[in-house]
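Subject: Structure for you to look at

Hi,

Here is the structure I promised to pass on. Have it open while you read, and my notes on what I found come right after.

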Amino acid sequence: MSGQAPIVGIIMGSRSDWETMRHAAETLERLEVPHETRVVSAHRTPRRLYEYAEAARGRGLKVIIAGAGGAAHLPGMAASMTPLPVLGVPVESHALKGMDSLLSIVQMPGGVPVGTLAIGKAGAINAALLAASILALSDRALGSRLDVWRAAQTEGVPHDPA
Ligand code: RP5
C-alpha cells in the first residue's frame with residue numbers, strides 16, 4: 001500500500017516463493033492493510049534476516065508473515081528474534097510437495113511460537129486473513145472490511161454444483 005507505513009511484513013526465502021506469497025500480499029491489498037514484501041533467506045542471507053527481525057517492531061510492524069520452502073527455517077528463525085506474532089507459510093517444494101516445508105515450520109520448540117498455515121496458496125491467503133484478524137482487534141474499520149470480505153465469500157458460493 002503506497003503512502004502508509006507498513007504494519008505487516010511479508011518475507012520469503014526466495015524470489016521463487018513469490019508465486020505463492022503474492023496471494024498473501026494481494027489479500028492484504030484487498031483489505032487495505034499496509035504491508036511490505038521482502039526476500040530474506042535464513043540460509044543465504046542470514047545477516048539480512050537478523051537485521052530485519054531485530055528492527056521489525058521498532059519500524060512499526062505488528063505481524064510478520066514468513067513463507068519458505070524445503071528446509072524452511074525462515075519463520076522459526078524470525079520468531080526467535082522478534083516478539084511480534086509470526087505466521088509461517090509452507091511453500092510447496094518440488095521434491096517433497098511441501099511436506100518438508102510444513103514439518104520444518106510447524107514443529108517449533110515450546111517457547112518460540114510460529115502460527116503455521118496450510119501448504120501453498122491457501123496458507124498464504126489464510127496467513128493474510130489471520131494477520132488482518134489480529135490487527136482488527138484494535139482496528140474497528142479493518143474489522144468491518146473483514147466482515148464484508150467474509151460476506152462476499154459466502155455470497156460467492158453457488159448452490160448448484162454444475
Ligand atoms: C528456500 O528454498 C526458499 O524459501 C525456496 O522455497 C526454496 C528454493 O529456493 P530457490 O532455490 O528457488 O531460490 O530457501
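One definition before we start: a helix axis here is a line fitted to the C-alpha atoms over the stretch in contact, and the angle between two axes is taken between their N-to-C directions, on a scale from 0 to 180 degrees. Also keep in mind that this is a predicted model.

With that in hand, look at helix H2 (residues 46-56) and helix H3 (residues 74-81). Their axes are 8 Å apart, and the two helices pack at an angle of about 50 degrees. Angles that are neither under 35 degrees, nor over 145, nor from 65 to 115 count as oblique, so H2 and H3 are oblique to each other. H2 passes H3 in a right-handed crossing. On the H2 side, Leu49, Tyr50, Ala53 and Glu54 make the contact, and H3 brings Leu74, Met77, Ala78 and Met81. Sorted by class, that gives seven nonpolar residues, one charged and no polar ones.

Next, try H1 and H5. Here the axes are 7 Å apart and the packing angle is about 30 degrees, which makes H1 roughly parallel to H5. The crossing of H1 past H5 is right-handed. From H1 you'll find Thr20, Met21, His23, Ala24, Thr27 and Leu28, and they meet Lys121, Ala124, Ile125, Ala127, Ala128, Leu129 and Ala132 in H5. This contact divides into nine nonpolar, three polar and one charged residues.

H5 (residues 121-136) also has a crossing with helix H6 (residues 140-155): their axes come within 8 Å and cross at roughly 140 degrees. H5 and H6 are therefore oblique to each other, and their crossing is left-handed. Ala132, Ser133, Leu135 and Ala136 of H5 meet Leu142, Gly143 and Leu146 of H6. By class, you get five nonpolar residues, two polar and no charged ones in this contact. If you want a residue to click on, Ala132 is listed in the contact of H5 with H1 and in the contact of H5 with H6.

Now for the ligand. Which residues surround the ligand? They are Gly13, Ser14, Ser16, Asp17, Ser41, Ala68, Gly69, Gly70 and Val91. This shell has six polar residues, two nonpolar and one charged.

I also checked UniProt. An unreviewed entry there lists Ser14, Asp17 and Arg44 under "binding site". These residues are spread over 31 residues of sequence, yet they cluster in space, with a largest C-alpha distance of 14.3 Å. Ser14 and Asp17 are among the residues around the ligand too. To find Ser14, go to the loop between strand S1 (8-12) and helix H1 (18-30).

Finally, the unreviewed UniProt entry lists residues 6-157 as "domain: PurE". In the model, that span is 47% helix and 16% strand, and its end C-alpha atoms lie 32 Å apart.

That's everything from me. Have fun turning it around on your screen!

Cheers

How values were computed
Residues numbered from 1 in each chain as written. Predicted model: local features only at pLDDT ≥ 70, side-chain atom pairs only at ≥ 80, totals over all residues. Near = placed C-beta within 6 Å. Nonpolar A, V, L, I, M, F, W, Y, C, P; charged D, E, K, R; others polar. Helix = DSSP H or I, 4+ residues; strand = E, 2+ residues; numbered from the N terminus. Left-handed = near helix turned anticlockwise from the far one by under 90°. Contact = placed C-beta atoms within 7 Å. UniProt positions renumbered as here; feature names shortened; annotations may be inferred.
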